[in-house]
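Me: I have a model open and some labels I do not follow. Can we go through what they rest on?

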Amino acid sequence: VVFYPVLEEILFRGMIQKYLFDKPWGSTTFTGLSAANWLTSLLFVLAHFWYQPAVWAILVLIPSLVYGFFRDRYKSIYPSILLHSFYNAGFVAINIIAQ
């Protein structure tokens, strides 16, 4: 709930998205989201194919775009870490309740 969101947000939003956003084309928006966010989110989905079923990996795109939006909006990964942790906690809670 905490470790992976921190690790993933440092890598994806803190390093990759920031690097891409600083490129001349990175801040260009498509549907209100930066090109850097879209590319980072696609990489995030691809990374989830490594350890999740394909459908689950693809479904990661929407929350990833939200995390990226907050990273662009606030120029910080802290909101993304908070949202990611909250999302993962909800996912864990739903799984516990379902059992």
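Reply: Begin with a definition: the expected span of a helix is 1.5 Å times one less than its number of residues. The model here is predicted.

Me: How do you know that the length of helix H2 (residues 35-48) agrees with that rule?

Reply: Helix H2 has 14 residues, so at 1.5 Å a residue it should span 20 Å. Its end C-alpha atoms are 20 Å apart, which agrees.

Me: Which residues of H2 are buried, and what covers them?

Reply: Buried means under 20% relative accessible area. In H2 the residues that meet this are Ala35, Ala36, Asn37, Thr40, Ser41, Phe44, Val45 and His48. Their cover includes helices H1 (3-21), H3 (54-59), H4 (61-74) and H5, along with strands S1 (29-30) and S2 (33-34).

Me: What makes Glu9 and Arg13 a salt bridge?

Reply: The cut-off is a Lys or Arg side-chain nitrogen within 4 Å of a carboxyl oxygen of Asp or Glu. The closest N and O atoms of Glu9 and Arg13 are 2.8 Å apart, so the pair counts as a salt bridge. Both residues are buried. They lie 4 residues apart in helix H1, which means about one helical turn separates them. In general, an α-helix has 3.6 residues a turn, so residues three or four places apart point the same way.

Me: How many salt bridges are there by this rule?

Reply: The count is 2. Asp22 and Lys18 also form one, with their closest N and O atoms 3.0 Å apart.

Me: Why is Asp22 called exposed, and Lys18 partly exposed?

Reply: Exposed means over 50% relative accessible area, and partly exposed lies between 20% and that value. Asp22 has 54%, so it is exposed. Lys18 has 39%, so it is partly exposed.

Me: Where is Val92 found, and what makes it partly exposed?

Reply: Val92 is in helix H5 (residues 78-98). Its relative accessible area is 35%, so it counts as partly exposed. Val92 also helps to make a nonpolar surface patch of about 350 Å², together with Val1, Val2 and Ile96.

Me: How do you know that the radius of gyration agrees with a compact globule?

Reply: With 99 residues, a compact globule would have a radius of gyration near 13 Å; the protein has 13 Å, so the two agree. The C-alpha atoms fill a box of roughly 50 × 25 × 20 Å along the principal axes. Buried residues make up 34% of the 99.

Definitions and conventions
Residues are numbered from 1 along each chain as its sequence is written. This is a predicted model: local features need pLDDT of at least 70, side-chain atom pairs count only at pLDDT 80 or more; totals for chains, interfaces and linings use all residues. Side-chain values use heavy atoms; hydrogens and water are left out. Patches are made of residues with over 30% relative accessible area and no salt bridge: like charges are joined within 9 Å, nonpolar side chains (Val, Leu, Ile, Met, Phe, Trp, Tyr) within 5 Å. Accessible areas come from the Shrake-Rupley method with a 1.4 Å probe; for residues, only the protein chains shown count as cover. Helices (H or I, at least four residues) and strands (E, at least two) are DSSP runs, numbered from the N terminus. Buried means under 20% relative accessible area, exposed over 50%, partly exposed in between (1.4 Å probe, protein chains only). Contact means heavy atoms within 4.5 Å. The radius of gyration is taken over C-alpha atoms; the globule rule is 2.2 Å times the number of residues to the power 0.38.
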